[in-house]
Amino acid sequence: MSDLHTVLDDLRAEGDDLDALVATLPEESWTLPTPAAGWTIAHQIGHLLWTDRAALTAVRDPDAFVKTVEAAFGDPLGFVDVGAEEQAGRPSAELLADWRDTRRELGDALAGVPRGTKILWFGPPMSPASMATARLMETWAHGGDVADTLGVTRAPTARLKNIAHLGVRTRDFAYVIRDRTPPTEPFRVVLTSPDGGSWEWGPDDATQSVTGPALDFCLLVTQRVHRDDTALVADGPDAEEWLGLAQAFAGAPGPGRAPTSSTS
């Protein structure tokens, strides 16, 4: 996939795009409810701050990060909400400034990680490029919740390829986190990019495949859309099953989003 500095550039650009959405919001708008149940815009930015800070700790002080993991897995379903809630209670200007500083520090720290180093995380340890990709994925996903809340339609960009790549790479993790056995054979994944091109993964002769719009795939693996509301096509029972489980993020499986097709 892309080299570290390219992914970091994409991460900064994604953060800047989200920053532009919230930078001039009045204080009261930060309390608007988003599509994530119980989360306001402040919770969305607070969560990104919390996880960026956790990633920064993982880079700078692995021993301290281990303690964070131990505390998190003492409450595997609630620690994410607790972290977001704590940050959401702060004045918006303070929260925004802290997020800006932390994501900048994280980008600088990741750029300085020696090649070959693995960074601890809540899921499997990751390379600096993979960590940057994971942060890009979260920034894009939570940024989408903010955009939806504000009635803003975001044009998909080539940065989605990073997220799609992560979604493909985490196929087996989505099974393991649910105590299920992953398929033994790789799938062929062919996605249509925002500019009409093709992004491809997996062997040409794979017996099962997933095809469709890259945007839909990225929304699905970040659990921002229900499987039924995508134009993704699965060829094969295992590929279809995967689309019902897919998640590109570490940690426990989320509840996902309810389908809207049946009510439209």
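**Exercise 1. Two residues with positive phi**

Task: Locate Gln 223 in this predicted model, and decide whether Gln 223 is buried or exposed.

Solution.
1. Gln 223 sits in the loop between H9 and strand S4 (233-235).
2. The phi of Gln 223 is positive, about 55°, although Gln 223 is not a glycine. Most residues other than glycine have a negative phi.
3. The relative accessible area of Gln 223 is 13%. Buried means under 20%, so Gln 223 is buried.

Task: Do the same for Asp 179: where does Asp 179 lie, and is Asp 179 buried or exposed?

Solution.
1. Asp 179 belongs to the loop between helix H8 (171-176) and S1.
2. Asp 179, also not a glycine, has a positive phi of about 60°.
3. Its relative accessible area is 74%. The cut-off for exposed is over 50%, so Asp 179 is exposed.

**Exercise 2. The strands around S1**

Task: Work out in which sense S1 pairs with S2 and with S3.

Solution.
1. Strand S1 (residues 188-192) runs parallel to strand S3 (residues 209-213), and 5 bridges join them. Within this pairing, Val 190 has Thr 211 as its bridge partner in S3.
2. With strand S2 (residues 198-201), S1 pairs in the antiparallel sense over 4 bridges. Here the bridge partner of Val 189 is Trp 201.
3. S1 and S2 form a hairpin with 5 residues between the strands. In this hairpin Gly 196 takes a positive phi near 90°.

**Exercise 3. The second largest pocket**

Task: Describe the second largest pocket by its volume and its lining.

Solution.
1. The pocket holds about 440 Å³ of space.
2. Its lining has 24 residues, and the closest to the centre are Trp 140, Gly 144, Ala 147, Arg 154 and Leu 215.
3. Sorted by class, the lining comprises 13 nonpolar, 5 polar and 6 charged residues.
4. At least two lining residues come from each of helix H1 (4-22), helix H6 (128-150), helix H7 (160-169) and helix H9 (214-221). H6 gives the largest share, 7 residues.
5. Domain 1 (4-150) and domain 2 (159-244) each contribute at least three residues to this lining.

**Exercise 4. The largest nonpolar core**

Task: Which residues of the largest nonpolar core touch the most other members, and which element supplies the largest share of this core?

Solution.
1. The core has 54 residues; Trp 121, Phe 122, Leu 191, Phe 217 and Trp 242 touch the most other members.
2. H6 supplies the largest share of this core, 7 residues.
3. At least three residues of the core come from each of domain 1 (4-150) and domain 2 (159-244).

Note on methods: Residues numbered from 1 in each chain as written. Predicted model: local features only at pLDDT ≥ 70, side-chain atom pairs only at ≥ 80, totals over all residues. Heavy atoms only, no water. Pairing = 2+ DSSP bridges. 1 Å grid on protein atoms, 1.4 Å probe; cavity = no way out; pocket = protein on both sides within 12 Å on 5 of 7 lines; lining within 4 Å. Points joined across faces, edges and corners; volume = space filled by probe spheres on them. Nonpolar A, V, L, I, M, F, W, Y, C, P; charged D, E, K, R; others polar. Domains from an automatic or database assignment. Core = buried A, V, L, I, M, F, W, Y, C linked by side-chain atoms within 4.5 Å. Buried < 20%, exposed > 50% of the residue type's maximum accessible area, 1.4 Å probe, protein only.
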